[in-house]
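Subject: Structure files and notes

Dear colleague,

I am passing on the structure that we talked about, and my notes come directly after it. Please read them with the model open beside you.

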Amino acid sequence: MIIVLCILLCSAGLVMQALCEPKMLRFAKLFQYKASYHVRIGRFMSLCLAFLCSLWAEPKTAIVVWAGSFSFSVIIVAIGWAVFSRYREAFRS
Amino acid sequence: MQDTLRTRMGWLHAWIGFSAGLLLFFVFVTGSLAVFDTELTRWLQPEVPPQAAPFSVQALDRTLPDVQSLLRQGEKPFITLPSARDPVMRVQHHDGYEFLNVPFNPETGERINARATAGGTFFYDLHYTMRTGLYGETLIAFAGLALLVTVGSGIIIHLKGLIPDLLLFRPFAARLRAWLDVHILASVPFLPFVIMMAYTGTFIRARTIFPPVSYIASFEALFATHPSPDVPAKEERLEIPLLPSLPPLLSQSEQILGIGQVGHILFLSDSILFTRTDMSGPLLTREHVDFSPRDGHFLRHVLLPTPVTHAQQLMEGLHFARWTGSGLRWMYFLSGVLGAVMFGSGSVIFLMKRRRQSGERIMFRIAEGLTIGALPGFLLATLTFFWANRLLPVSLTSRPLAEVHSFFVMWCFSALVGLLLCLWGRSTLGWKLQLGLLGVLAILLTPLDLLTRSGVSVFHAPTVFATTDLCALLLGLISFQMVRRL
């Protein structure tokens with residue numbers, strides 16, 4: 001259960017990270033978007049919160065669970081962003 | 001200066017990565033499968049029911065005739081107690097490669113008539129020895145070092161894009177770009193896992209890299225002729241005493257180790273070891289309470305508490321992941337699979353980049369043939385092992401060995417076909433043929449499971465059977481998609 005929660009929090013943080021990254025915005029054809037202050041802070045806060053959750057659930061395995069959750073979240077967000085970009089490309093054309 | 005370093009690291013990354021990568025793909029796949037070795041053994045013995053009655057300590061004594069029989073044969077048998085991963089009790093012994101087992105009902109102690117199989121521990125043995133003992137171990141340990149070099153050089157190459165490109169995945173871009181994205185996506189997020197596994201794995205087998213005797217002495221010993229020892233048959237020299245009743249000893253052990261903390265009971269000629277379960281925590285302590293095999297009196301309690309042994313236990317605990325719950329176990333499995341994807345995609349990129357310039361050279365063709373044998377060929381052999389387990393007659397003598405032979409025959413055959421097709425200039429046909437066959441075998445594994453397992457329904461519960469079938473189905477679909485895109 002804690003792994004699912006960590007993956008959700010990390011995914012949220014990574015989506016915010018993508019919204020702050022010019023290369024990712026260009027890839028998704030989001031030329032006009034500018035990340036707000038909350039998004040810029042939120043990307044770090046989500047990752048910290050995920051770590052605190054894993055620490056609270058089981059201190060012995062916190063680092064392993066957090067690192068694993070982060071890795072899987074990267075895969076999920078990267079695939080999701082690729083699908084989103086493809087959708088936007090098709091929608092624009 | 002930085003460009004020069006990047007270029008040099010690029011060369012190192014490509015060549016070390018490709019030459020060790022084919023072996024490391026195999027190491028990552030077998031390692032991922034070995035994470036679920038117990039569950040795979042359950043799939044490979046469909047006669048054992050997915051659920052079992054609660055464990056009764058009285059059932060232990062009914063396994064003693066089998067234990068004594070194995071002791072008489074000179075083996076070192078052990079009983080694994082039921083756990084969350086495996087609901088039945090098993091009498092096991094190591095045959096030099098795998099742990100062969102006989103399952104028992106945990107409530108009544110009756111023997112369950114299940115097929116003999118090499119089981120999931122076949123992949124465990126392959127993972128670190130390649131079935132060649134110390135020499136395989138040494139090779140794998142050096143491959144671990146090569147992994148660290150490849151990862152280090154890869155980080156230097158990709159340093160600038162490490163954060164900006166972390167989430168960048170363009171599957172619909174040009175083919176080389178898409179493969180590069182797959183390679184980076186399977187590598188960068190899993191760097192902590194890969195470095196941890198490479199480091200702990202190499203640390204555990206450090207003895208093979210820094211042996212207590214010199215390499216020269218080892219080679220001399222290998223080629224030296226040994227006089228055949230004049231020893232009597234094992235049965236003649238072994239006198240096995242009548243073993244004591246186990247429930248009181250288990251109770252006594254649990255007073256020391258804790259209730260439910262005994263994982264297995266190992267029988268040696270001079271002692272019976274009640275060992276702490278590997279699931280007790282990240283430290284693989286293997287703490288044990290010993291009793292005499294003659295009258296069952298307490299001998300000793302063994303626990304190595306020094307900082308050095310703690311470091312060793314932590315490394316083993318982290319690498320073997322036997323203490324983890326199912327969630328973390330899946331994480332290990334998927335991280336291992338992505339490690340294999342990293343090396344698979346890296347090998348494909350290596351070949352793609354050199355095809356235009358060197359595609360006609362004999363060495364390139366051999367390299368591509370070997371890649372076909374090592375990537376789809378190895379996966380094909382793995383699926384053949386599962387098919388052989390279900391199709392070989394249950395009454396076959398040396399059945400576990402027949403399963404292993406099926407695996408190696410298929411692997412050799414696919415490597416040979418891949419190599420010949422590449423030498424003939426038909427490499428695309430080689431890839432398509434093997435990936436297509438892989439897809440067919442993987443997708444048909446579910447019907448095979450349903451047809452060869454008694455008491456099964458199409459809507460079977462989400463057990464190890466369903467999960468294994470679904471993983472195979474996914475592998476099959478990915479294979480077909482790759483055939484389509486080739």
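Below is what was found, beginning with how the values were obtained.

This is a predicted model, in which local features need pLDDT of at least 70 and side-chain atom pairs count only at pLDDT 80 or more, while totals for chains, interfaces and linings use all residues. Residues are numbered from 1 along each chain as its sequence is written, chains are lettered from A and ligands numbered from 1 in the order in which they are written, and side-chain values use heavy atoms, with hydrogens and water left out.

Chain A holds four helices and zero strands, where helices (H or I, at least four residues) and strands (E, at least two) are DSSP runs numbered from the N terminus. Its pattern along the sequence is α-α-α-α, and the C-alpha trace of chain A spans about 50 × 25 × 15 Å along its principal axes.

In chain B, helix 15 (residues 376–391) and helix 16 (residues 399–423) have axes that come within 8 Å and cross at roughly 150 degrees. Axes here are lines fitted to C-alpha atoms, for helices over the stretch in contact, and angles run from 0 to 180 degrees between N-to-C directions. These two helices of chain B, 15 and 16, are therefore roughly antiparallel; angles over 145 degrees count as roughly antiparallel, under 35 as roughly parallel, 65 to 115 as roughly perpendicular and the rest as oblique. The crossing of helix 15 and helix 16 of chain B is right-handed, a crossing being right-handed if the near helix is turned clockwise from the far one by less than a right angle, and left-handed if anticlockwise. Among the residues that make this contact (heavy atoms within 4.5 Å) are Phe378(B) and Phe385(B) of helix 15 and Phe407(B) and Trp411(B) of helix 16.

Helix 15 of chain B also meets helix 17 of chain B, and their axes come within 9 Å and cross at roughly 30 degrees. Helix 15 and helix 17 of chain B are therefore roughly parallel, and their crossing is left-handed. The residues in contact include Leu383(B) and Trp387(B) of helix 15, and Leu438(B) and Leu441(B) of helix 17. By class, this contact between helix 15 and helix 17 of chain B has eleven nonpolar, three polar and no charged residues, where Ala, Val, Leu, Ile, Met, Phe, Trp, Tyr, Cys and Pro count as nonpolar, Asp, Glu, Lys and Arg as charged, and the others, Gly among them, as polar.

Helix 14 (residues 362–374) of chain B and helix 17 (residues 427–443) of chain B have axes that come within 10 Å and cross at roughly 5 degrees, and helix 14 and helix 17 of chain B are therefore roughly parallel. Their contact includes Glu368(B) of helix 14 and Trp431(B) of helix 17.

Best wishes
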